[in-house]
Amino acid sequence: MKDLLVAKNLHKRYGQHKVLKGVDFTVHRGEVKAILGKSGSGKSTILRVMNLLEPADAGEVLLEGQRLGVNPQTGRTLPEAHLARQRQHIGMVFQRFNLFAHMNALDNVASGLLLTQNMPRASAHEKAAAMLTRMGLQDHQRHFPSELSGGQQQRVAIARALVLEPKVMLFDEPTSALDPELVGEVLNVIEELAAGGMTMVVVTHEVRFARAIADEVALFHEGQIVEQAPPEQFFDHPQSPITRSFLSHLH
């Protein structure tokens, strides 16, 4: 399998708190990688660093072998306009949807096409409408976030990321803000993307979902990956005592 997204020796701290401690992380093209771990273990932070929303203190992120986020000559962080252009290749879906409250679903999905690709408004709306239809939201294009359920809002957020045709999708606990009865509709969308060959990294607390969908599962603990393996090995024959402890608490 060819490496698509690679993080090398990532370090990140907030004040005196070290959140990432030299993490190496590789996602192959067409692979689905699930990340598990306790709150504060570094799961969300590595997604934000790989999506260029946070700069790493040390280490590097590469997409198809090209280093992201910095000028290759000077090593300095790129201006935000350059980061935004790179970021559109790495779709990101957040826990809390992050939709624009003053925009309806159609405009939310079209916003990235207008801002980062300078697409004509009519073309952007046409593409956004097609993506909303794919998400089963064709009857909700003119609805504002406040008029949508949590599951519908998250599907709009997924559509907004997908419409830019990213090379990889990052999901940060995409169901954690949803009522239990709405979780399934979002997980079904992610399963369909996986079946279609989309490269994905999914931070989740849905352990059965991780087991069913992932090609590989990684456990974060105190800013490091303590174990990563195919789901059958990870869940049935964990090697690390930290993994065994984590899974025993879940059971």
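This tour proceeds through two sheets, the helices that pack on them, and two pockets of a predicted model.

**The four-stranded sheet**

Begin by selecting strands β1, β2, β4 and β5. These four strands form an open sheet in the order β2-β1-β4-β5, and their pairing is antiparallel. Colour β2 (17-28) and β5 (66-67) separately: these two strands stand at the edges, each with a single partner strand, so one side of each is left without a neighbour in the sheet.

Next, add helix α1, residues 43-50, to the selection. Helix α1 packs on this sheet and touches β1 (3-14), β2 and β4. The direction of α1 makes an angle of about 65° with that of β2.

Then centre the view on the junction of β4 and β5. The two strands run antiparallel and are joined by two bridges. Display L63 and Q66 here, since the pair can be picked out directly: L63 stands opposite Q66 in β5.

**The six-stranded sheet**

Hide the previous selection and show β3, β6, β7, β8, β9 and β10. The result is an open sheet of six strands in the order β6-β7-β8-β3-β9-β10, with mixed pairing. At its edges are β6 and β10 (224-229), each of which pairs on one side only. With direction ignored, neighbouring strands in this sheet are turned by 20° against each other on average.

Select α5 together with β6 and β7. Helix α5 packs on the sheet by touching these two strands, and its direction makes about 170° with that of β6.

**Strand β8 and its neighbours**

Now isolate β8, residues 200-203, and show its side chains. Are the two faces of this strand covered or uncovered? Both are covered: M200 and V202 on one side, and V201 and V203 on the other, are all buried.

Add β3 (residues 32-37), which runs parallel to β8 and is joined to it by four bridges. Two positions in this pairing merit labels: A34 has V202 as its bridge partner, and I35 stands opposite V203.

Add β7 (residues 168-172) as well; this strand is also parallel to β8 and is linked to it by four bridges. Label D172, which stands opposite V203 in β8. V203 thus faces I35 and also D172.

Finally for this region, select helix α6, residues 180-195. Helix α6 lies across β3, β7 and β8, and runs at about 155° to β8.

**The largest pocket**

Turn to the pockets and display R87, M92, G112, R160 and L164. Among the 21 residues that line the largest pocket, these are the closest to its centre. The pocket holds about 490 Å³ of space.

Which elements each supply at least two residues of this lining? They are α2 (80-87), β6 (90-93), α3 (105-116) and α5 (150-162). Two of these elements have already been visited: β6 as an edge strand of the six-stranded sheet, and α5 as a helix packed on it. Colouring the lining by class gives twelve nonpolar, seven polar and two charged residues.

**The second largest pocket**

For the last stop, select P55, A56, L68, G69 and V70. These residues lie nearest the centre of the second largest pocket, which is lined by 19 residues and contains about 260 Å³ of space.

Bring back β4, residues 58-63: this strand provides the largest share of the lining, with four residues. By class, the lining has eleven nonpolar, four polar and four charged residues.

Technical notes
Residues numbered from 1 in each chain as written. Predicted model: local features only at pLDDT ≥ 70, side-chain atom pairs only at ≥ 80, totals over all residues. Heavy atoms only, no water. 1 Å grid on protein atoms, 1.4 Å probe; cavity = no way out; pocket = protein on both sides within 12 Å on 5 of 7 lines; lining within 4 Å. Points joined across faces, edges and corners; volume = space filled by probe spheres on them. Nonpolar A, V, L, I, M, F, W, Y, C, P; charged D, E, K, R; others polar. Pairing = 2+ DSSP bridges. Contact = heavy atoms within 4.5 Å. Axes fitted to C-alpha atoms, helices over the stretch in contact; angles between N-to-C directions. Buried < 20%, exposed > 50% of the residue type's maximum accessible area, 1.4 Å probe, protein only.
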